[in-house]
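Me: I'm new to this structure and would like a close look at its charged pairs. Please walk me through where they sit and what surrounds them.

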Amino acid sequence: MLHPRWLRPHALHSLLVRGILTTADHRASAGLAAAPVLPARDYTWLVDQIATLRGHPMSLYDHQTRSAQTRGNVVLIAPTGSGKTEAALCWAFGMPAQPVPRLFYALPFQASMNAMYTRLTSYIPDSVGLQHGRALQALYRLFMETDGSSLGAWQQARDQHERTALNYFPVRVCSPYQLLKAVYRLRGYEALLSDCIGGAFILDEIHAYEPARLALILRLVAYLRAQYHARFFVMSATFPRLIHTVLYDALGSATAIRATDDLFQAFQRHRLRLMDGALEHPTIFCQIVARAQSGESVLVCCNTVGRAQLLWQMLRQELGAAATVELLHSRLNGRDRLAREERVQRLCGLNSMARAPIVVVATQVVEVSLNIDLDTIFTEPAPLEALIQRFGRVNRNRRLPLTDVHVCREPIPEQNLRPYDTRLLHGTLAVLEPQQGQPIDEAAVSDWLDALYEQHTGDYVQEWQHTYTAAAKDVDNILGDLMAFESMPDLEGQFYRAFDSIDVLPQIFAQDYMTLMNQQAFVEAQSLLVSIAYWQYASLQQAGRIRSGDRTSDDPLDRVPITTARYDPDLGLVLYEAKDDTA
């Protein structure tokens with residue numbers, strides 16, 4: 001919608017005034033006292049706090065010190081496990097001190113957001129909010145650990161959740177999609193944008209987003225940088241030229257900081273083993289079993305939920321009930337997934353004091369979600385960036401000499417894009433072939449990525465650029481017309497279909513759900529729901545295996561979609577009984 005020319009110069013002012021007034025009104029109505037503010041000191045106070053928590057002095061790497069000395073935008077490349085988070089926090093507070101009215105830490109997965117919330121809360125108590133679709137459940141579980149009372153934990157979690165929604169906390173751990181609500185003009189978008197003025201944004205692992213979503217994120221970055229004086233710290237272990245180009249276009253200008261060659265060399269932890277066949281091939285499967293039986297902690301990474309369920313069953317049968325074999329994927333309900341993540345963290349967490357042999361069978365949810373450290377990995381073929389992230393869950397703390405990371409050459413599915421473009425799979429294997437049996441040089445991974453995209457994927461780059469450019473143009477047009485008082489509720493469904501999943505209740509839990517709702521145990525009730533993609537929901541609906549919810553009903557059970565798909569206590573939701581199944 002175009003606006004009269006005389007309104008255009010006042011668009012930003014209208015957004016800010018509307019947003020600030022809305023926030024003030026809602027906070028006053030909630031009876032909130034003055035919000036906490038971040039210390040107006042340089043980064044050294046934070047380093048001291050981290051050192052105190054760890055119980056020993058913290059020596060900064062060169063890339064961390066350089067980050068603290070840089071005032072503008074930063075693009076950081078450093079090995080997995082080399083303190084990128086601490087580098088970003090040093091940058092945020094700076095040397096000398098930089099005013100930080102708001103600090104946003106954006107991550108792609110809920111598990112990684114939950115872990116970062118816990119981590120930042122220990123660094124900066126009473127100042128951190130958590131914002132994602134299941135944040136209330138995550139907060140409830142955290143408060144249950146300290147409070148012990150269901151009612152007390154519920155009250156604390158609800159209070160924390162509501163304060164985060166009111167932009168109360170100066171630090172927010174969130175998904176980039178929470179910020180994209182402004183692009184879709186969802187209710188309250190003015191308050192969201194006004195909270196971004198002068199903000200410091202940390203963006204982690206942006207390679208995880210496909211081109212259309214990446215365009216949405218980076219064009220919003222460009223808008224906030226230009227209009228709201230926001231600054232950005234973008235970090236990863238790798239940045240191929242494909243992403244490097246659009247990233248710098250969004251940032252305008254940025255200081256490139258790269259870990260030293262010596263640090264990359266010191267963080268050399270893995271040796272590549274390419275293997276013929278799939279994970280269930282007798283030769284490969286026997287190696288997995290042998291490693292587990294020898295007392296090693298083993299990560300088995302599959303590309304689809306169906307294959308992860310299959311491999312878990314095979315390993316459970318072979319290793320027996322005495323072995324610890326955990327299954328992690330996206331189609332567990334909240335209760336089961338959190339419980340399993342806690343067990344995995346306890347047995348193979350990065351700094352766990354109770355390490356024990358474990359086999360973790362997981363889909364790509366493990367790539368940037370859990371701060372774990374296993375002894376070896378056997379993985380299906382995946383795009384190179386995904387493989388590097390999977391390798392990062394192995395020998396993370398350099399407890400061991402070079403450890404083997406095993407990549408199977410199969411399966412490469414006939415159906416493209418489920419879940420990966422087959423051109424990327426074939427290209428990745430081609431790039432890795434010369435590295436067979438060699439230590440992985442993380443300093444060379446960006447060059448490998450450039451070779452992958454420019455030499456081994458056919459017309460993939462052209463398609464990627466076309467998709468990105470088209471999406472970026474659409475976003476720029478939307479942001480160019482953004483003004484206050486133009487909330488568009490009809491876009492809400494479109495937003496959640498594009499960026500979120502839909503929660504369904506397996507029929508087996510219907511009675512438990514109703515009982516918990518009647519007891520007003522709302523968080524426990526919600527933890528029985530399973531998140532599935534909208535296309536999976538549509539598939540179940542077409543097969544007559546789901547009953548849509550009616551949000552207007554007085555009956556809590558009628559308000560939630562219920563599926564007759566089998567929920568197995570070990571396997572999670574089984575959408576297809578005899579067929580492979582996308583994560």
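Reply: Let's start with glutamate 86, which is buried, having a relative accessible area of just 3% (buried means under 20%, exposed over 50%, partly exposed in between, with a 1.4 Å probe and protein chains only). Arginine 54, at 41% relative accessibility, is partly exposed. These two form a salt bridge, and their closest N and O atoms are 2.9 Å apart (that is, a side-chain nitrogen of Lys or Arg within 4 Å of a carboxyl oxygen of Asp or Glu). Glutamate 86 belongs to helix α4 (residues 84–93) and arginine 54 to helix α2 (residues 44–54), so the pair ties together parts that lie 32 residues apart in sequence (helices are DSSP runs of H or I with at least four residues, strands runs of E with at least two, numbered from the N terminus).

Before going on: this is a predicted model, with local features needing pLDDT of at least 70 and side-chain atom pairs pLDDT 80 or more, while totals for chains, interfaces and linings use all residues. Residues are numbered from 1 along each chain as its sequence is written, and side-chain values use heavy atoms, leaving out hydrogens and water.

That pair has plenty of company: a search of the whole structure turns up 35 salt bridges. Take arginine 273 and aspartate 404, whose closest N and O atoms are 3.4 Å apart in another salt bridge. Here distant parts of the chain get linked, since arginine 273 is in strand β8 (residues 270–275) and aspartate 404 is in strand β13 (residues 403–408), 131 residues apart. Arginine 273 is partly exposed at 32% relative accessible area, whereas aspartate 404 is buried at 13%. Both also belong to a network of salt bridges, together with Arg271, Arg291 and Glu296.

For a pair of neighbours in sequence, look at aspartate 336 and arginine 335: their side chains meet in a salt bridge at 3.4 Å, N to O. Aspartate 336 counts as buried, with 15% relative accessibility, and arginine 335 as partly exposed, with 35%.

Now for the nonpolar surroundings. The largest nonpolar core has 147 residues, and Val173 and Leu224 touch the most other members (a core is a set of buried Ala, Val, Leu, Ile, Met, Phe, Trp, Tyr and Cys residues joined through side-chain atoms within 4.5 Å). Helix α10 (residues 211–228) gives this core the most, 11 residues. Once neighbours within four places in sequence are set aside, valine 173 is in contact with residues including Tyr105, Met113, Tyr117, Leu120 and Val128 (contact means heavy atoms within 4.5 Å). There's also a second, separate core of 26 residues, with Val530, Tyr537, Ile546 and Leu575 among them.

Finally, find the open sheet of four strands, ordered β15-β14-β17-β16 with mixed pairing (two strands pair if DSSP finds at least two bridges between them). At its edges are β15 (530–532) and β16 (546–547), each pairing on one side only. Strand β14 (residues 502–506) and strand β17 (residues 562–563) run parallel, joined by two bridges. Leucine 505 stands opposite isoleucine 562 in β17. Helix α23 (residues 534–542) packs on the sheet and touches β14, β15, β16 and β17.

Notes. Axes are lines fitted to C-alpha atoms, for helices over the stretch in contact, and angles run from 0 to 180 degrees between N-to-C directions.
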